[in-house]
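Biologist: Shall we go through the salt bridges together? I would enjoy hearing how you reason about them.

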Amino acid sequence: MSNAAVITPVGGPSLPQERRLVTAIPGPRSQELLERKAAAVAAGVGHTAPIAAVAAGGGVILDADGNSLIDLGSGIAVTSVGNAHPKVVEAVQQQVAQFTHTCFMVSPYESYVAVAEALNRITPGAFAKKSALFNSGAEAVENAVKIARKYTRKQAVVAFDHGYHGRTNLTMALTAKAMPYKSGFGPFASEVYRAPMSYPFHDGLTGPEAAKRAIAMMTKQIGAENLAAIIIEPIQGEGGFIVPADGFLPALLDWCHANDVVFIADEVQTGFARTGAMFASEVFGIVPDLITTAKGIAGGLPLAAVTGRAEIMDAAHAGGLGGTYGGNPVACAAAVAAIEVFENDGLIERARAIGVILQERLHALQAADPRVGEVRGRGAMVAAEFVDPTTGEPDAALTSAIAKQCIAEGVVVLTCGTYGNVIRFLPPLSIGDDLLNEGLDVVASALAAH
Ligand SMILES: *Cc1c(COP(=O)(O)O)cnc(C)c1O
């Protein structure tokens, strides 16, 4: 870094809520960090926005050069309560001064139990539930599969086209997309099968039709007598914010229940108010057997969970689940605070209001520009899919050009989709309407410029 003294601002909602560019992106200080990154950090660890972040809160991210960027990604749906939320900060500061770790498997502590109690209460389903805590979404998915196998005494697992479940070996096997997630990293875990997803924009099928297609594949190619679980994101995240047709998820769930197959909803991206409900399963009227959560759970601290029917969760023998850090006390204190914010500060309603703005603005773009093939999503999880209007083919080049221009103009947006042709909007629920609209103005002008 250069020698001039930099006062690092404190993050949180009191940061000035404005888009402000004082240098080109990246500015000189960010450039210096990116050079150090290139020299010191493995090339496989990429980044979207070429900045050195120094503070964040409300709806902005500040960089080391003094630029203030509008955040429409929440660090991939993590800082839903807002970055450095004061209640999360306070809970973390108190806990970190008390104790940082005992290992829950050695000396249990209250905050872990409190998180489990809260998850058992706020997840869908009126039956007895239990939870287990882990460090990352991938780890939660791995453990949900372990639990389902132990419970059913079966081995096969079905994931879906366009699905994303993580980067560990089993979760790479569950994930659909080769580049960048899987290519060259095999061999992958066995007994993982892929079923066709409901993708109305591309397949034109109703929910029941798409479910029939998936069930036929599972019956013929695997056999329910071999199938421990299916795992599905109620709205697919990395795969392109794919919203299944109505009736698809309920039909799959009914089939699972008729065939002793555990239905796992991977709500790592959709959970915690994001879709305008506490969990996206509620949006589709389903009650999964197990739910995996992570991302939004703890206001930015690493924490993940599996929650579900007590008799399934209890199938694993004592010592069969856990990990050194799973349910770390600092992360648990943050989660207790974050869940209180979700419940008490009206964030479900806020996600819906943000959704109304996103849908209105993006549908207006679609009406004026046929390259916007579809706008879809629920609550504050909305995406636009870009296509060539004459052929209907995915337009990844346009998508990445728009995203690059947005970032250069101080708006952090994320892309996704099997074909790389989707821009997803996951703003922190603490963003103000003005800032959100300004961010969408920049998206609109970036589209117009290409
Ligand atoms: C991000 C994500 C994961 C993986 O979570 P990590 O914390 O990155 O391991 C799993 N499933 C879904 C749906 C996700 O969006």
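Biologist: Happy to start with the overall count: how many salt bridges does a search of the whole structure find?
Modeller: Please keep in mind that this is a predicted model. Searching the whole structure gives a total of 14 salt bridges.

Biologist: Thanks! Which residue forms a salt bridge with Lys 154?
Modeller: The closest N and O atoms of this pair are 3.9 Å apart, which is within the 4 Å cut-off. The partner of Lys 154 is Asp 260.

Biologist: How many residues apart in sequence are the parts that this pair ties together?
Modeller: Lys 154 sits in the loop between α5 and β5, while Asp 260 belongs to the loop between α9 and β8. The salt bridge therefore ties together parts whose separation in sequence is 106 residues.

Biologist: Is Lys 154 buried or exposed?
Modeller: Its relative accessibility is 9%. Buried means under 20%, so Lys 154 counts as buried.

Biologist: Lovely. Now, where is Arg 424, the salt-bridge partner of Glu 238?
Modeller: The side chains of Glu 238 and Arg 424 meet at 2.9 Å, N to O. The pair links distant parts of the chain, 186 residues apart, with Glu 238 in the loop between β7 and α9. Arg 424 is in strand β15.

Biologist: And which helix holds Asp 433, which meets Arg 350 in a salt bridge?
Modeller: For Arg 350 and Asp 433, the N to O distance is 2.7 Å. Arg 350 lies in helix α13, 83 residues apart from its partner. Asp 433 is in helix α15.

Biologist: Last one: which residues do salt bridges that share partners join into one network?
Modeller: Shared partners connect these salt bridges into one network. Its residues are Glu 374, Arg 376 and Glu 385.

Technical notes
Residues numbered from 1 in each chain as written. Predicted model: local features only at pLDDT ≥ 70, side-chain atom pairs only at ≥ 80, totals over all residues. Heavy atoms only, no water. Helix = DSSP H or I, 4+ residues; strand = E, 2+ residues; numbered from the N terminus. Buried < 20%, exposed > 50% of the residue type's maximum accessible area, 1.4 Å probe, protein only.
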